[in-house]
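Here are a few exercises to work through with the model open in your viewer. Try each task before you read the solution under it.

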Amino acid sequence: MIKKISENIWEIEKEKDMRVPGRIFASEKLFEKIKSDKTIEQVKNVAKLPGIVRESIAMSDAHQGYGFCVGGVAAFDVETGIISPGGIGYDINCGVRLLSTNLSKEKFLKKRALVLNEIYKKIPSGVGEESKTIFSEKEINEILEKGSHWALERKMATKKDIENTEDNGKIEGADARKVSQRAKARGRKQIGTLGAGNHFIEIQEVENIFNAEIAKKFKTDKKERIVVMIHTGSRGLGHQTASDYIMKMEKTYGFEHLPDRELAYAPINSELGKDYRSAMAAAANFAFANRQIITHHIREAFKKFFPESKVSVVYDIAHNIAKFEEFKINGKKKILCVHRKGATRSFGKNRKEIPKEYRKTGCPIFIPGSMGTESYVLAGTEKAREISFASTPHGAGRVLSRNYAKQTLSAEKIRKALSEKNIMIKAGSEKGLVEEAPEAYKDVNEVVKVGQELGIATLVTRLKPVAVVKG
Amino acid sequence: MKKYIFLDHTADIKIWASGKNFEEALKNIVLATSEYVTKSKKIKPSQKKSLSLENKDEKEMIYGLLDEIIYLIDVENFVTTKIQIKKQEKHFIITLFGNSTKKYVSINQIKAPTYSEMSISRKKDSCEITVVLDV
């Protein structure tokens with residue numbers, strides 16, 4: 001039984017072996033879409049896992065995933081709970097980074113094609129595209145344990161870049177020895193690459209400002225100012241780490257008791273649970289370093305054509321990760337292991353985990369739209385801590401299957417539509433272009449509106465694409 | 001009857017394949033995977049790789065085989081286009097035939113195999129397998 005308990009909040013009542021109820025944050029319109037695939041069944045399955053606290057959650061952009069839905073949030077008790085690679089996603093620390101620049105749109109447009117080509121040339125995208133440098137195992141191990149700090153040592157990052165990255169670009173407890181040789185072999189060739197699928201680099205302009213005070217702090221307070229959004233993750237290294245640990249957890253703990261085999265898990269404090277935590281942190285560090293190296297190349301590309309340009313990191317935030325965070329449950333403070341799979345952390349003012357300069361505003365949150373549509377900058381809130389384990393959506397969320405998109409949309413039409421909006425595009429493949437067409441996604445405006453109405457994020461700025469690099 | 005079909009899935013690739021037994025259905029899953037990766041471009045295989053997978057749990061074996069195929073694309077630039085499967089008492093002896101990724105203009109990426117919606121169903125003279133790949 002599902003009932004609407006208030007505006008934008010739906011409750012899936014506890015039934016059979018569910019340990020907690022399910023909760024979906026969505027408008028009527030988005031809820032209709034959520035009902036059309038297996039999202040609700042997956043929210044129920046997660047509610048059956050040991051040690052889950054309060055409720056199993058799906059965000060307004062949720063769609064069917066494997067095991068957990070994409071857009072899923074679940075918090076587990078550290079003593080009795082579990083950690084599950086399926087609750088984090090194959091692309092560990094897939095996330096979004098926003099760079100601000102001192103360039104106006106007018107100025108940028110004069111050299112747009114040059115900058116775009118330079119970025120496309122420097123940052124391999126698409127499939128089978130290898131990094132210009134193939135790293136040794138020793139170097140990979142350093143990247144896994146140092147994250148963005150590895151890039152800092154090699155002058156590919158500034159101290160400020162590091163300060164403005166979640167966890168300072170390095171999650172503690174990362175252990176390269178817990179990442180398999182197979183995963184490292186996949187990672188060696190892919191550091192500094194964008195990858196295919198929904199990953200992108202988008203050059204955008206500040207289009208609308210909703211909260212001038214916070215926008216100023218987030219360096220997005222001038223209309224038509226150029227910013228750059230990067231969406232990518234830990235590439236093959238992360239995917240392989242997830243597969244490796246799913247297989248290990250099945251072997252150790254079996255799968256017969258699972259509602260879905262993809263929900264393989266280990267108790268948080270078991271040996272295997274600890275190993276996965278160290279491996280996940282290492283893969284997350286790889287993703288931070290990856291986005292940092294990409295930042296370095298973007299900075300150089302801008303410098304080449306605009307020597308006066310200044311490119312700085314606004315923030316870098318994960319949306320596929322498990323974090324240990326403090327929450328009040330039944331009046332008591334507790335550390336919980338919060339799984340966010342396709343959900344972004346929303347921390348309000350004064351949280352010690354966020355950079356000093358954002359402690360008066362709440363942490364920056366980036367919600368990319370689909371290709372060619374607007375993206376949003378938001379700020380974290382205290383309300384999110386109360387109702388959604390400090391989480392908010394991560395994007396528009398797919399609605400059309402890739403198959404259906406391919407059958408009904410054409411690359412030519414999409415190119416035309418983008419050029420009518422004056423958006424320049426470089427794509428690795430026609431197929432990618434079609435599969436990632438705006439029509440294949442939910443309406444990002446609606447997703448953001450629900451978040452704002454619920455108070456789990458504060459609207460700050462809307463960004464409009466000017467040029468896009470797709471894998 | 002079709003050997004394999006791509007089914008609708010919101011975010012990923014879902015494949016249904018059929019064969020006269022488990023090995024043949026699995027072969028067809030691999031053919032479908034190859035069609036996706038190579039964007040249906042057919043090139044005669046010029047390389048081969050051998051491996052052996054434990055014959056303990058069939059789903060684990062499917063997951064393990066697909067994991068290997070994905071790994072080979074990323075690490076050895078090897079695209080599988082054909083497969084031979086020999087069943088022994090405790091192991092499956094597998095030979096993969098294929099080409100270098102460099103022979104293709106571009107290929108599609110697969111991030112990982114998944115157990116999501118994985119099913120094996122046996123009928124009198126046939127076997128059907130469904131898998132979802134994270135792309």
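A salt bridge here means a side-chain nitrogen of Lys or Arg lying within 4 Å of a carboxyl oxygen of Asp or Glu. Keep in mind that this is a predicted model.

**Exercise 1. Check whether Asp74(B) and Arg186(A) qualify as a salt bridge, then find the count between chain A and chain B.**

Step 1: Take the closest N and O atoms of Asp74(B) and Arg186(A); they sit 2.8 Å apart. The cut-off is 4 Å, so this pair counts as a salt bridge.

Step 2: Run the search over the chain A and chain B pairing, and you get six salt bridges.

Step 3: Now go for polar contacts: 19 residue pairs turn up between chain A and chain B, with both partners at pLDDT 80 or more.

**Exercise 2. Describe the side of chain A that touches chain B: which elements supply it, and what classes of residue does it hold?**

Step 1: List the elements of chain A that give at least two residues each: strand S4 (56–66), helix H8 (181–188), helix H10 (235–253) and helix H13 (402–408).

Step 2: Pick out the largest share. That's H10(A), with nine residues.

Step 3: Sort the residues on this side of chain A by class: 16 are charged, 11 polar and 11 nonpolar.

Step 4: Put the partner back in. The contact takes in 38 residues of chain A and 36 of chain B, and the two chains bury about 3300 Å² between them, 46% of it on carbon and sulfur atoms.

**Exercise 3. Work out how H5(A) is oriented against H11(A), and which residues meet there.**

Step 1: Fit the axes of helix H5 (residues 137–146) and helix H11 (residues 271–305) of chain A; they come within 6 Å and cross at roughly 95°. Angles of 65 to 115 degrees count as roughly perpendicular, so that is the label for H5(A) against H11(A).

Step 2: Collect the residues. From H5(A), Ile140(A), Ile143(A), Leu144(A) and Glu145(A) meet Ala282(A), Ala283(A), Asn285(A), Phe286(A) and Ala289(A) of H11(A).

Step 3: Classify them: seven nonpolar, one polar and one charged.

**Exercise 4. Do the same job for H5(A) and H8(A).**

Step 1: The axes are 10 Å apart, and the helices pack at about 95°, which makes H5(A) roughly perpendicular to H8(A).

Step 2: Glu137(A), Ile140(A), Asn141(A) and Leu144(A) of H5(A) meet Gln181(A), Lys184(A), Gly187(A) and Arg188(A) of H8(A).

Step 3: By class, this contact has two nonpolar, three polar and three charged residues.

Technical notes
Residues are numbered from 1 along each chain as its sequence is written. Chains are lettered from A and ligands numbered from 1 in the order in which they are written. This is a predicted model: local features need pLDDT of at least 70, side-chain atom pairs count only at pLDDT 80 or more; totals for chains, interfaces and linings use all residues. Side-chain values use heavy atoms; hydrogens and water are left out. Contact means heavy atoms within 4.5 Å. Buried area is the accessible area (1.4 Å probe) that two parts lose on being put together, summed over both. A polar contact is a pair of N or O atoms within 3.5 Å; within protein, one must be able to donate a hydrogen and the other to accept it, and residues adjacent in sequence count only if both atoms are side-chain atoms. Helices (H or I, at least four residues) and strands (E, at least two) are DSSP runs, numbered from the N terminus. Ala, Val, Leu, Ile, Met, Phe, Trp, Tyr, Cys and Pro count as nonpolar, Asp, Glu, Lys and Arg as charged, and the others, Gly among them, as polar. Axes are lines fitted to C-alpha atoms, for helices over the stretch in contact, and angles run from 0 to 180 degrees between N-to-C directions. Angles under 35 degrees count as roughly parallel, over 145 as roughly antiparallel, 65 to 115 as roughly perpendicular and the rest as oblique.
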